[in-house]
Amino acid sequence: MSNRRVARILREVAELLELEDVAFKPRAYRRAAEAVESCATDVDELVREGRLGELPGVGKAISEKIEEIVHTGRLAYHDELRKKLPVDLYALTQVEGIGVRTAKRLYEGLGVRNVADLERAAREGKIRRLPGMGERSEARILRGLAEVRGTEDRILLWYALNTARALCRKLEDTGLFTRLAYAGSLRRGRATVGDVDLLGVSSQPEQAARAFVELPEVGQVLARGGKRASVRLSEGLQVDLRLVPESSFGAAMQYFTGSKEHNVRLRERAVGRGLKLNEYGLFDETGAAVAGSDEEGIYSQLGLLYVPPELREDQGEIQAAERGDLPELVQTRDILGDLHLHTNWSDGEVTMEEIARAARQRGFRYIAITDHFLFSETVGGVTADDLRRQLDEVARLNEELDGFHILSGVEANILADGGLDVPRELLRRLDLVIGSVHSRFRTAKKVMTERLLRAVDDEAMDVLGHPTGRLIGERAAYEADWDEVFSRAAKTGTALEINANPQRLDLRSGLVRRAVEAGARLIIGTDAHAEPHLDFMELGVVTARRGWAQAKHVLNTLSVEGLLAARKRGRS
Ligand SMILES: [Zn+2]
Ligand SMILES: [Zn+2]
């Protein structure tokens with residue numbers, strides 16, 4: 001039983017209790033959920049050793065509930081509460097625009113029990129007719145549905161990316177492949193991935209396919225033909241390999257990269273020009289191939305600029321490619337520094353010097369140390385005194401690390417009223433102040449919007465950290481009027497973070513695009529708590545690219561001097 005699953009049940013109990021307007025209890029369950037979630041030890045172990053009482057905020061009553069979950073996999077009290085609202089609350093509240101109260105309204109008004117019911121009701125235009133809902137809420141739910149669809153069986157981009165790369169390296173080492181690459185939503189950089197599609201070219205396709213199914217990572221061979229094989233890895237991920245002729249490699253990459261919607265548009269465009277596009281190539285009326293070995297040839301024969309995979313979602317990219325004004329998307333090599341890092345002064349694993357040296361080794365020119373300000377004993381954080389001592393340590397290290405720059409900073413907590421919890425005098429002395437919401441996620445949209453607007457208005461807060469609070473597969477984004485937040489951020493010069501942690505990728509790409517359109521500026525931070533996390537930067541960049549962001553929109557593409565001048569407190 002993972003901590004995450006236990007926390008999920010406790011949190012649902014809190015939500016169900018809230019619906020009944022029970023006082024205090026929901027908070028107790030929510031606090032317990034947070035304690036379980038942020039606890040580094042497996043809850044199974046705590047139960048075995050009788051140490052549940054060590055979790056802050058977990059009293060005897062909730063301890064017993066946790067034991068029941070660990071022993072039986074469920075909680076009778078939870079089941080009983082659910083009888084009153086017999087819906088898949090967890091899946092429904094993953095959809096942006098749906099909180100517990102809305103789920104209840106949808107169930108009572110329309111009998112919506114699960115995501116499939118929800119989708120049907122939204123498509124049939126029934127949701128807008130419910131009291132308190134309207135066309136806008138319905139449209140938002142439809143957009144939310146598009147985002148969560150299928151995420152249940154999907155895995156995080158970071159894991160899929162590393163697995164695909166490792167497999168490709170091993171296959172390349174066999175010497176049997178002249179070309180090999182991954183396609184699909186993995187190549188488009190979606191935050192979660194269903195399965196992995198590999199495409200290869202080999203002069204000995206039979207041996208190449210055999211080498212693939214015989215990889216030690218393979219748990220089960222699902223299908224096998226001369227030019228295709230499909231396997232499930234021991235860890236569960238499905239991987240398909242297709243072997244294609246060299247002359248079709250580009251067409252196959254284009255076809256299997258998708259998205260479906262993008263490809264439909266592209267095929268229509270081909271037909272309009274008397275051509276035929278499929279996974280084998282682009283052909284004229286006589287059946288002669290006019291392109292196929294590379295993707296660039298296909299786009300150019302269709303009168304389009306090459307469309308980067310991250311943009312292939314039928315969101316206006318084909319029209320832009322036709323007009324010749326696709327954005328020059330930000331790239332990983334444009335990023336000169338990481339602006340969101342934790343050290344062992346708070347809940348990170350490394351010293352300031354270690355993370356600085358690791359960042360320099362990766363080619364960064366600067367970093368900002370942004371430890372958590374002490375918030376709760378569970379998570380741990382720096383105190384005002386610690387921050388003062390950190391300033392001295394930063395100064396000392398900056399002398400030592402010639403040519404590399406450490407910025408002092410903090411990740412302050414945005415309190416329920418939108419204020420920051422770090423003393424003003426300190427905020428003024430630090431180089432970079434990130435403000436993040438770490439508590440009270442479940443509030444009404446209006447309340448959350450006001451809270452964020454007040455934080456964005458704070459002249460001391462340079463960056464709004466992981467703005468929507470989502471944790472993929474675990475916690476939905478909280479609701480706020482994002483367009484209002486973005487336009488206020490643009491006006492005040494507050495940067496919005498794209499948090500590159502694989503489970504966050506927050507802002508997500510759809511919101512990145514709206515933020516950029518509103519004129520707001522971005523930073524990308526890894527939120528590293530250990531050295532390897534610095535590599536997450538790539539994911540943040542992919543998310544920025546999916547949101548059509550260019551280097552000029554991202555502040556950490558600037559030199560350290562440029563950054564200090566461009567951050568909110570550097571202006572004016
Ligand atoms: Zn945070
Ligand atoms: Zn953080």
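Helices and strands here are DSSP runs, numbered from the N terminus. All views come from a predicted model.

**View 1. Thr526, tucked into a loop.** Thr526 sits in the loop that runs between β17 (521-525) and α23 (537-546). With a relative accessible area of 0%, Thr526 is buried. Its side chain has two partners to look for. One is the side chain of Asp338, a polar contact at 2.6 Å. The other is the backbone nitrogen of Ala528, which the Thr526 side chain reaches at 3.2 Å. Setting aside neighbours within four places in sequence, Thr526 is in contact with Asp338, His340 and Leu341, with Asn499, Ala500 and Asn501, and with His533, Leu534, Phe536 and Met537.

**View 2. The zinc ion (ligand 2) and its four donors.** Here His340 (NE2), His342 (NE2), Glu411 (OE) and Asp527 (OD) coordinate the zinc ion (ligand 2), at 2.1 to 2.2 Å. His340 also turns up among the contacts of Thr526. The four donor atoms subtend angles of 82 to 167 degrees, so the arrangement counts as irregular. Along the sequence, the donor residues follow the spacing H-x1-H-x68-E-x115-D. His342 comes from the loop between β11 (337-341) and α17 (352-361), while Asp527 comes from the loop between β17 and α23, so this pair ties together parts that are 185 residues apart in sequence. Are His342 and Asp527 buried or exposed? Both are buried.

**View 3. The zinc ion (ligand 1), next door through Glu411.** Glu411 (OE) is a donor here too, joined by His438 (NE2) and His466 (NE2), at 2.1 to 2.2 Å. For the zinc ion (ligand 1), the donor spacing in sequence reads E-x26-H-x27-H. Glu411 belongs to strand β13, whereas His438 lies in the loop between β14 and α20 (445-457); the two are 27 residues apart, and the pair links distant parts of the chain. Glu411 is buried, and His438 is as well. How far apart are the zinc ion (ligand 1) and the zinc ion (ligand 2)? They are 3.4 Å apart, with Glu411 coordinating both.

**View 4. The seven-stranded sheet and a helix packed on it.** This open sheet has its strands in the order β11-β12-β13-β14-β15-β16-β17, with parallel pairing. At the edges are β11 and β17, each pairing on one side only. Helix α17 packs on the sheet and touches β11, β12 (366-369) and β13 (405-413), with its direction at about 150 degrees to that of β12. Further along, β14 (residues 432-436) and β15 (residues 463-464) run parallel and are joined by two bridges. In one of these strands, β15, Val463 is the bridge partner of Ile434.

**View 5. Lys126, in a loop between two helices.** Lys126 is found between α8 (115-123) and α9 (135-148), in the loop there. At 34% relative accessibility, Lys126 counts as partly exposed. Once neighbours within four places in sequence are left out, the contacts of Lys126 are Leu110, Ala121 and Glu138. For a sense of scale, pick out Arg27, which is 99 residues from Lys126 along the chain. The C-alpha atoms of Lys126 and Arg27 are separated by 34 Å.

Technical notes
Residues are numbered from 1 along each chain as its sequence is written. Chains are lettered from A and ligands numbered from 1 in the order in which they are written. This is a predicted model: local features need pLDDT of at least 70, side-chain atom pairs count only at pLDDT 80 or more; totals for chains, interfaces and linings use all residues. Side-chain values use heavy atoms; hydrogens and water are left out. Helices (H or I, at least four residues) and strands (E, at least two) are DSSP runs, numbered from the N terminus. Buried means under 20% relative accessible area, exposed over 50%, partly exposed in between (1.4 Å probe, protein chains only). A polar contact is a pair of N or O atoms within 3.5 Å; within protein, one must be able to donate a hydrogen and the other to accept it, and residues adjacent in sequence count only if both atoms are side-chain atoms. Contact means heavy atoms within 4.5 Å. Donors are N, O and S atoms within 2.8 Å of the metal (3.2 Å for Na, K and Ca); water is not among the atoms, so sites may look incomplete. Four donors count as tetrahedral if all angles lie between 85 and 135 degrees; four count as square planar and six as octahedral if opposite donors are over 155 degrees apart and all others between 65 and 115; anything else is irregular. Two strands pair if DSSP finds at least two bridges between them. Axes are lines fitted to C-alpha atoms, for helices over the stretch in contact, and angles run from 0 to 180 degrees between N-to-C directions.
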